[in-house]
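Q: Here is a structure to go through. For each label, let us ask what value stands behind the word.

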Amino acid sequence: MVLSAARQHLLGGIRLGACGQHLLRGSRPGAWGQHLLRGSRPGAWGQHLLRGIGSVYTAAKGFQEIREKLQAFPGGSIDLVKQESGIAVLTVNNPARMNAFSGSMMVELEERVSQLEEWTEGKGLIIQGAAGTFCSGSDLNAVRAISNPQDGMKMCTFMQNALTRLLRLPLLSVALVEGNALGGGAELTTACDFRLMAPGSVIQFVHKHMGLVPGWGGAARLVRIVGGQNALKMLGGALKIDPEMGLQIGLADGVLEGSLAGSGTNALLEAEQWLGCYTAGPAPVIRAIKSVVVSGRELPLEVALRTERDVFGTVWGGPANLQALATKAKHK
Ligand SMILES: CCCC(=O)SCCNC(=O)CCNC(=O)[C@H](O)C(C)(C)COP(=O)(O)OP(=O)(O)OC[C@H]1O[C@@H](n2cnc3c(N)ncnc32)[C@H](O)[C@@H]1OP(=O)(O)O
C-alpha cells in the first residue's frame, strides 16, 4: 500500500498518552445515509423510536433454531468480568484455535451482550482475545459444517444482531487488538467504539480470500469508520492493516506502548488507563454521552435531535449536574 505524506503527520503524537492526546486524527467520513436505525434497548428516551418498528437488531428473541445448530459446535468460551470501576472485560477465549469463534461461542457472545444490556452501573467495555491474540474469525470447522446458504444466512443474522446490540450498549467500548484480528475477528473490532492496537498486531478482512464478504455487519460499520474508499481497498485487497496504517486511516484510535505490548495484563492495564480518560465520571452521564452519540451516528438528524433532547432531560437537574452547579466549576 502506498503511504501518503500525511502519514508521518498522522503518526506523531498519537501513541497512547495523557488524556486529551487522543484526538488528533481526522479521516472520519461525513454523513453516510439516513437509513433508519432502531436502538438496542435505548432506554426510556429511545423507546418511542421503537414503537411499531420491528427489527431483527433490537431483540434477542427468535433465534432458537440457529442457536441450537450453533451449540452443536462447541469449544472455547466468551468470558465476562464486570469490574467495580464500571469497566467490564470481555475475553474471546479459544487459544487452541487462535480464538476462533466456535458455534457455542457465538451463542455465548449474544448472552454476554444481554448481560451487559442489564448492567446499569457499567460505563466501559474492553474486548480482548486470550493469550495475546485477538480473534481469527469464525471456526472454520463450524463454517464447513453449516456451509449451506440457509444456515449461513441465519448465522449471519444472529451475529449481526449480537454485534449491533454490542455497539449500541450504553458503554464506551474498546477492542484491544493484539496479534491477529482476522475475518469475523476484524468485524468484531468494528463493533466497538474504539480500537487500540498493540505493536505487531494486524486487522485484516480476509473474507475475499475465503470467497466471502463480511456478513456480521463488519462492512457496513467499516465504511462508517474509515470511509467508503478505504473500506473498498481494505476488503478488495484483503489488506493487512498494521497499527501505523490503522492510525492513518482512522481505524485505530491508539497504539499500545511497545514496552508493555504483548505482556498480557499490562496491555489490558494500558487499555484500561486509556479508556479511563473517557469513562471518568458518574455512570448516568457517561451512559448518556454514549446514547447521544449512538443516536447521532445512526439516526436521521431530526430523530437524533429529539433523542438528544430526551437524553438531556435525564441528566439536567440530576445529581451530577446539581453537584457541579454547587461547586461553581471553572473549566480551565
Ligand atoms: C463471517 C465470518 C468469516 C470468517 O471469519 S472466515 C474465517 C477467517 N479466518 C481464517 O481464515 C483464519 C485462518 N487461520 C490463519 O490464517 C492462521 O491460523 C493464523 C490465525 C494467522 C495463525 O497462524 P499461526 O500462528 O501459524 O498458527 P496456526 O495456523 O498453526 O493456528 C493454530 C491453530 O489454530 C487453528 N485455527 C486458526 N484459525 C482458525 C479458525 N479460524 N478456525 C479454526 N481453527 C483455526 C489452526 O488450524 C491451528 O490448529 P492446529 O494446531 O493445526 O490443530
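Q: How many disulfides does the structure hold, and what makes a pair of cysteines count?
A: The structure holds 0 disulfides. The term needs a pair of cysteine sulfur atoms within 2.5 Å. The cysteine sulfur closest to that of Cys135 belongs to Cys192 and is 11 Å away, so the two are too far apart for a bond. Cys192 is likewise in no disulfide, its nearest cysteine sulfur being that of Cys135. A disulfide is a covalent bond between the sulfur atoms of two cysteines. This is a predicted model, in which local features need pLDDT of at least 70 and side-chain atom pairs count only at pLDDT 80 or more, while totals for chains, interfaces and linings use all residues. Residues are numbered from 1 along each chain as its sequence is written, and side-chain values use heavy atoms, with hydrogens and water left out.

Q: Why is Cys135 called buried or exposed?
A: Buried means under 20% relative accessible area, exposed over 50%, and partly exposed in between, with a 1.4 Å probe and protein chains only. Cys135 has 0% relative accessibility, so it counts as buried. Cys192 has 2%, so Cys192 is buried too.

Q: How do you know that the length of helix α4 agrees with its number of residues?
A: Helices are DSSP runs of H or I with at least four residues, strands are runs of E with at least two, and both are numbered from the N terminus. The expected span of a helix is 1.5 Å times one less than its number of residues. Helix α4 (residues 103-117) has 15 residues, so it should span 21 Å. Its end C-alpha atoms are 22 Å apart, which agrees.

Q: What makes α4 mostly covered?
A: Of its 15 residues, 12 are buried. Among them are Met105, Met106, Val107, Leu109, Val113 and Leu116. Charged names also appear in that list, including Glu108, Glu110, Arg112 and Glu117.

Q: Which elements do the buried residues of α4 pack against?
A: They pack against helices α3 (64-71) and α6 (149-168), and against strands β1 (77-82), β2 (87-93) and β3 (124-129). Contact here means heavy atoms within 4.5 Å.

Q: Which residues come nearest to the ligand?
A: Ala96, Ser136, Ser138, Leu140 and Gly184 do, out of 18 residues around the ligand. A residue is near if one of its heavy atoms lies within 4 Å.

Q: What makes the approach of Ser136 to the ligand a polar contact?
A: The term takes a pair of N or O atoms within 3.5 Å. A backbone N or O atom of Ser136 lies 2.8 Å from a ligand nitrogen. For Leu140, a polar backbone atom is 2.9 Å from a nitrogen atom of the ligand. The protein buries 57% of the 970 Å² that the ligand exposes when taken alone.

Q: What is notable about phi in Ala131 and Ala238?
A: Most residues other than glycine have a negative phi. Phi of Ala131 is near 55°, a positive value. Phi of Ala238 is near 45°, also positive.

Q: Why is Ala131 called buried or exposed, and what of Ala238?
A: Ala131 has 72% relative accessibility, so it counts as exposed. Ala238 has a relative accessible area of 3%, so Ala238 is buried. Ala131 lies in the loop between β3 and α5 (140-145). Ala238 lies in the loop between α9 (228-236) and β8 (240-241).

Q: How do you know whether Lys290 is buried or exposed?
A: Its relative accessibility is 2%, so Lys290 counts as buried. Lys290 is found in helix α12 (residues 283-298). Not counting residues up to four places away in sequence, Lys290 touches several residues, including Leu167, Leu169, Asp193 and Arg297.

Key
A polar contact is a pair of N or O atoms within 3.5 Å; within protein, one must be able to donate a hydrogen and the other to accept it, and residues adjacent in sequence count only if both atoms are side-chain atoms. Accessible areas come from the Shrake-Rupley method with a 1.4 Å probe; for residues, only the protein chains shown count as cover.
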